[in-house]
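Visitor: I have a structure to go through and would like someone to talk it over with me. Could you bring it up so that we can start?

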Amino acid sequence: MKPFEYVNPKDIKSVPKILAEAERALLFAGGTDALARMKEGIDRPDVVVNLKKLTDLAFIKSDRKGLRIGAGALLADIIASKDAQACPGFVEAVKSVGTIQLRNMGTLGGNLCQRPRCWYYRSARFDCLRKGGDTCFAIYGDNKYHCIIGGDPCYIVYPSDIAPMLIALRAEIEVVGLKGKRRVKADDFWVLPAQDPYKENILQNDELVTQVFIPASARALKSHYVKFRERDSFDFAMVSVAVAARLDGERLTDVRIAYGGVAPKPWRAVKAERALEGQVATEERVLAAAATEFANAEPLEQNEYKVILAKNLLKRALRELVAA
Amino acid sequence: MSEQQKPGLSRRGFLKGVGGGVVGVTVLPSLRTATARYGTSVGPGAARITLTVNGEKKMIEVDPRTTLLDALRDQLGLTGSKRVCNKGQCGACTVILNGRSVLACSMLAIDADGATVETIEGLAKGDELHPVQRAFIKDDALQCGFCTPGFIMSSVLLLRQNPSPTLDEIKYAVSGNLCRCGTYPHVFKAVDEAAKAMKKGG
Ligand code: SF4
Ligand code: FES
Ligand code: FES
C-alpha cells in the first residue's frame, strides 16, 4: 500500500476543499471497502479523508417531513433505531448488507458509494476499462455475476442493497461540494457506464454524500426487500428487488420497483411499475410485468439465469408484500 | 460496504500508477498546508496511538497503513486473531472493539486510537479457559482452528448480550464467520452448551 496522509477534517465544509486541493484523495468512513481497494492497489490515495470523526454526519432523525439519516450513521445503528422501523423494507435492506461485523463498521454513505465487485475491477492485474484501460474483460470472460441490462461499455452490477430500496421509497440524497448543498433524487444519483464508465454516481470531484432523506409519504407505503444470494449467511446479491406500494384493497397503487444485481446502477423497473399500477398483483400479471421489463435484457454468456431470477423474485417480493 | 471516493481519481491514480518510470509524483508539501487549514492529520510517517487491549493500556507507533489486525499480531504479539482473507470476507480476525464485533483486518490501527479492544487472548482467567473456549474443545468445534478465534469472539459477544440464545440466534450471531472445515453444527452445539454452563455459573 502506498503511504498516505490521514486527515481529520475539522468540519463537513472542509471536506470539499481538501478534495479539491489534494490531487488524489479518498473519502474514508467505515473504510471496509476503501481499505480493501488500497491493499489491492486499485486505489492509491495520497490523502485519506477520515469522515468518522465528523459527528454531525452520524445522526438518525425523524419528524413530520420524514426520516433523515446522516451518511456517517453506522448500518448497525440504523437497524437498531426506532425511527427507521417506520420503513420496514428499508431496515430489511440494511440488515441484508454484509455481516454483523461489517454492519458495525460500515456507514450508510459508504454503502451507497461503494465501488463495484467485478473481479477484474478488483484485481490490480487487470487494466480494465473502468480503471482507464481499453478492455472490458467481463464480456468474454467470467461473467456469471455481471449485469443483464444497461451494460456497455462496462458490465458491472451495482452492489448496494440499500440503493434499490431508497429508489423504491422515493428517497433523496444530499450532497455537499465547494458550491454548497444539493439534493438529488435517489433515482438520479447512480449512472450507467454509457454516461460515465469511470464512476457509478453523479458525485463531482469535490463532493461527498452527507445525508439521506426518506419522505414521510414512505411511511404510508408497504415496502419489502428480497435478496437472492448464493451463500445465505452473507453475500452480495445475485439479484435483489426492492418493492414499495400502497395497498388499496387488493390493488397496488404508487408502485415502485427497483432491482439490485441486474444492472450497473440500481435498476428502477419503470415498465413493470406501469404494468402493475392500479392492478391486483396476480402471479401471471407480475410475471408478465417483469417479462416486459426485461424484454430487452442482453445477458452475457454465463448469466442468463438472472433474467429468470429477476422475474421470480418480483413474484415473491409482491406476494410477500401483499401478505405482510 | 464501504466508502465513497473522489470520483475519477481512481482512474487518474491508476493511470499514473501504471505509468512506469513517472510514478512517484507526490504533492505532499502543498497538502500539508491544505490540511493544516482544514483539519489535523497524521502520516505518511508513523503515528502514536493508545489502545486498551484485554484490559492493559498499550502505546504503540504505527504507520497509518497498518491495520488493527497487524498492529495486534505484529506489534503487540497477539497472534490469536487470525489473518486469513485479510479483506473482510471471513471473520477470522473478529475482535471486540468498544463492545462491538469488528473485523480487525478491515480497519486501520489509527482508527482504534483510544479504543478498548478484546481479543481471544483476553478471555481466559489465568489458566482457566472461558466457558465458550471450554465448550469448543469439549464439542470438537474445530478442525484446523483458523476460524476458531473469530467464532469464539462472536459467540462470547452474543452470550454477553443474550445469555439464553435460541439455535437461530446462535446461527445468526456467527453468520459473519466462515469455517472452511465445516464445523458449524459443532460450533452451534458448543455455544448452546456454553450458554447453559454460564447460567449455572460455570
Ligand atoms: S465489467 Fe466493468 S469493471 Fe468489470 S472488467 Fe468490464 S469494464 Fe472492468
Ligand atoms: S481476515 Fe479479516 S475477515 Fe478474513
Ligand atoms: S476449523 Fe478449519 S476453518 Fe474452521
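Guide: What follows is a conversation about this predicted model, taken topic by topic.

Visitor: Let's start between the chains: how many residues of chain B are in contact with chain A, and how many on the other side?

Guide: On the chain B side 58 residues are in contact, and they meet 76 residues of chain A. The two chains bury about 5800 Å² between them, with carbon and sulfur atoms giving 55% of that area.

Visitor: And how many salt bridges are counted between chain B and chain A?

Guide: The count is three salt bridges. One of the salt bridges in the model pairs B:Asp111 with A:Lys52, whose closest N and O atoms are 2.9 Å apart. As for polar contacts, the rule finds 17 residue pairs across the interface of chain B and chain A, both residues being at pLDDT 80 or more.

Visitor: Which elements of chain B each supply at least two residues to that side?

Guide: They are helix H1 (9–17), helix H2 (28–38), strand S1 (39–42), S5 and helix H6 (167–173) of chain B. The largest share comes from H1(B), with nine residues. By class, the side of chain B that touches chain A has 23 nonpolar, 25 polar and ten charged residues.

Visitor: Now inside chain B: what domains is it divided into?

Guide: Chain B is divided into domain 1, covering 47–122, and domain 2, covering 131–199. Taken over C-alpha atoms, the centres of these two domains of chain B are separated by 21 Å. Their contact takes 15 residues from domain 1 of chain B and 13 residues from domain 2 of chain B.

Visitor: What area is buried there, and which residues of domain 1 lose the most?

Guide: About 1100 Å² is buried between domain 1 and domain 2 of chain B, and carbon and sulfur atoms give 63% of it. On the side of domain 1 of chain B, the residues that lose the most area to domain 2 are B:Thr94, B:Ile96 and B:Ile120, which together account for 41% of what that side buries.

Visitor: What about charges and polar pairs between the two domains?

Guide: The count between domain 1 and domain 2 of chain B is one salt bridge. B:Arg160 forms a salt bridge with B:Glu118, and the closest N and O atoms of this pair are 2.6 Å apart. Three residue pairs, both at pLDDT 80 or more, are found in polar contact across the interface of these domains of chain B. On the side of domain 1 of chain B that touches domain 2, the elements giving two or more residues are strand S4 (94–97) and strand S5 (100–103) of chain B. By class, that side has five nonpolar, seven polar and three charged residues.

Visitor: Which residues of H4 in chain B are buried, and what covers them?

Guide: In helix H4 of chain B, residues 131–138, the buried ones are B:Pro131, B:Val132, B:Gln133, B:Ala135 and B:Phe136. What covers the buried residues of H4(B) includes helix H5 (148–161) and helix H7 (184–199) of chain B. Just after H4(B) comes B:Asp140, with a positive phi of about 55°.

Visitor: Switching to backbone oddities, where are the cis peptide bonds you can point to?

Guide: One joins A:Asp152 and A:Pro153, with omega about 5°, and A:Pro153 lies in the loop between H7 and H8 of chain A. Another runs from B:Gly43 to B:Pro44, with omega near 0°, and B:Pro44 is in the loop between S1 and strand S2 (47–53) of chain B.

Visitor: And B:Asn86, buried or exposed?

Guide: B:Asn86 counts as buried because its relative accessible area is 18%, under the 20% cut-off. B:Asn86 has a positive phi of about 60° although it is not a glycine, and its place is in the loop between helix H3 (68–75) and S4 of chain B.

Visitor: Last one: what is A:Val157 in contact with?

Guide: Leaving aside neighbours within four places in sequence, the contacts of A:Val157 include A:Tyr145, A:Cys147, A:Val262, A:Pro264 and A:Lys306. A:Val157 lies in the loop between helix H7 (119–122) and helix H8 (162–168) of chain A, and it is buried, with a relative accessible area of 14%.

Terms used:
Residues numbered from 1 in each chain as written. Chains lettered and ligands numbered in written order. Predicted model: local features only at pLDDT ≥ 70, side-chain atom pairs only at ≥ 80, totals over all residues. Heavy atoms only, no water. Domains from an automatic or database assignment. Contact = heavy atoms within 4.5 Å. Buried area = accessible area lost by both parts, 1.4 Å probe. Salt bridge = Lys/Arg side-chain N within 4 Å of Asp/Glu carboxyl O. Polar contact = N/O pair within 3.5 Å; in protein donor to acceptor, adjacent residues only side chain to side chain. Helix = DSSP H or I, 4+ residues; strand = E, 2+ residues; numbered from the N terminus. Nonpolar A, V, L, I, M, F, W, Y, C, P; charged D, E, K, R; others polar. Buried < 20%, exposed > 50% of the residue type's maximum accessible area, 1.4 Å probe, protein only.
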